[in-house]
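Grab a coffee and open the viewer. Here are a few exercises to work through, each with a solution taken step by step.

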Amino acid sequence: MANKKILFITYDLSGYYDCIKEELIKRNYEVDYYNTVNYKYKYKNFIQRTYSFFYKLFKRQKLKNYLKLQPIIENTNKEYDCILIIRPDIFFDSQLKKLKKRTHKFIAYYHDSINNIPRKKEVIKFFDTVYSYEKKDVEQYNLSFLPNFIYLNQPLKSNEVPKYNAFTIMGYDYRVELVEKVASYLKKKGLSLNFLVHSPKEKKSDLINFITERKNNQEVLSYIAEANIIVDVHKYGIQDGLTFRTFESLAFEKKLITTNKDIVNYDFYNPKNIFVIQNPSSIKIPNQFFELPYEKIDPKIYQQYHYKNWLTQILS
């Protein structure tokens, strides 16, 4: 019997979905894989650039996205048993329509909220199934709930003597003020910190290390291995789906300090392992949280959030 054919298109800056591609191959799928972050387009002339400017102004879409992603459409002109797309919102409707005609199983996964990327709402209609990590979107738009996943088979070995007590890494945005509050609180408790914020410009801070170069995922994993605690300040007010930091904490068996209040509704939640910041204006973490060891979660619950189970649900 011939292997099933799948077209897997991601938007993956960090390599989180590499494990999904590899697992598909292990399951004897014939995989055509495209990571859209690797596709670039340079305008051919001033006229094309000007036209693109006005197109975006009136149509609210980047014509450059169409032009840079069109090679994917042209190179996949065949039938697939399944097409799975992460971030389908970057494609134009006409491109999604063509892809839909090439399969009887057209699936999307949203690891951003519709509140954060409104176009995601517009493209739901093209898919047979849309999975989302955002509970509010699942309820409001009748999507299928599926959290992010543990993307590691074997976590890197943690340092026997941690280099830092707490680690976080994020992009520069409105959350920085809260990250500084958390850093200040932890520093006053005598904890050593490795707080990294990717910023377009160099900045000075006694609490945060502002970096101008993006760290690759292997570097991030090594930083996690060097710390006792992962700090996760999610995009509060915009989306509440669990970030990959959460699942890294499970994989490494690290304690987690998070701003995401919804985490208490997940079956792996354990207040001995996870502290939720309820009031950013008055952070109070009991000393016991830092002193008591990490409590291992039930292996069945752990496997429930592993990438292999995530893929099984996607393909079911």
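**Exercise 1.** Which side chain of opposite charge is nearest to R102, and how far away is it?

*Solution.* Keep in mind that this is a predicted model. Start by placing the residue: R102 sits in the loop that runs from helix 4 (93–100) to strand 4 (106–110). Next, look for a partner. The nearest side chain of opposite charge is E79, 6.9 Å away. A salt bridge needs a side-chain nitrogen within 4 Å of a carboxyl oxygen, and R102, though buried, has none. Now check for other polar company: a polar atom of the R102 side chain lies 3.5 Å from the backbone oxygen of K98. Finally, list the neighbours. Skipping those within four places in sequence, R102 touches I73, T76, N77, K78, E79, Y80 and I83.

**Exercise 2.** Work out why helix 9 can be called largely enclosed by the rest of the structure.

*Solution.* First, go through the helix residue by residue: F244, R245, T246, F247, E248, S249, L250, A251 and F252 are buried. That makes nine of the nine residues, so helix 9 is largely enclosed by the rest of the structure. Then ask what does the enclosing. The buried residues of helix 9 pack against strand 7, helix 8, strand 10, strand 11 and helix 11 (299–304). Last, step past the end of the helix, where E253 follows with a positive phi, near 55 degrees.

**Exercise 3.** Which elements do the buried residues of helix 8 pack against?

*Solution.* Begin at the start of helix 8, where a side-chain oxygen of N216 comes within 3.1 Å of the backbone nitrogen of Q218. Then pick out the buried positions: N217, V220, L221, Y223, I224 and A225. These pack against strand 7 (164–171), strand 8 (193–198), strand 10 (227–232) and helix 9 (244–252).

**Exercise 4.** Find the empty space: how many cavities of 30 Å³ or more does the whole structure have, and what lines the largest pocket?

*Solution.* Cavities first. The search turns up one of 30 Å³ or more, and the largest cavity has a volume of about 40 Å³. Its lining includes S249, L250, F268 and Y294. Helix 9 and strand 11 (255–258) are the elements that each give two or more residues to that lining.

Now the pocket. The largest one holds about 1,100 Å³ of space. It is lined by 37 residues, with S14, Y16, R214, K235 and R245 nearest its centre. Strand 7, helix 8, strand 10 and helix 9 each give two or more residues to the lining, and strand 7 has the largest share, four residues.

Conventions: Residues are numbered from 1 along each chain as its sequence is written. This is a predicted model: local features need pLDDT of at least 70, side-chain atom pairs count only at pLDDT 80 or more; totals for chains, interfaces and linings use all residues. Side-chain values use heavy atoms; hydrogens and water are left out. Buried means under 20% relative accessible area, exposed over 50%, partly exposed in between (1.4 Å probe, protein chains only). Lys and Arg count as positive and Asp and Glu as negative; His and the chain ends are not counted. A polar contact is a pair of N or O atoms within 3.5 Å; within protein, one must be able to donate a hydrogen and the other to accept it, and residues adjacent in sequence count only if both atoms are side-chain atoms. Contact means heavy atoms within 4.5 Å. On a 1 Å grid over the protein atoms alone, a cavity is a set of points where a 1.4 Å probe fits but cannot get out, and a pocket is an open set with protein on both sides within 12 Å along at least five of seven lines; lining residues have an atom within 4 Å of a point. Grid points are joined across faces, edges and corners, and a volume is the space filled by probe spheres set on the points.
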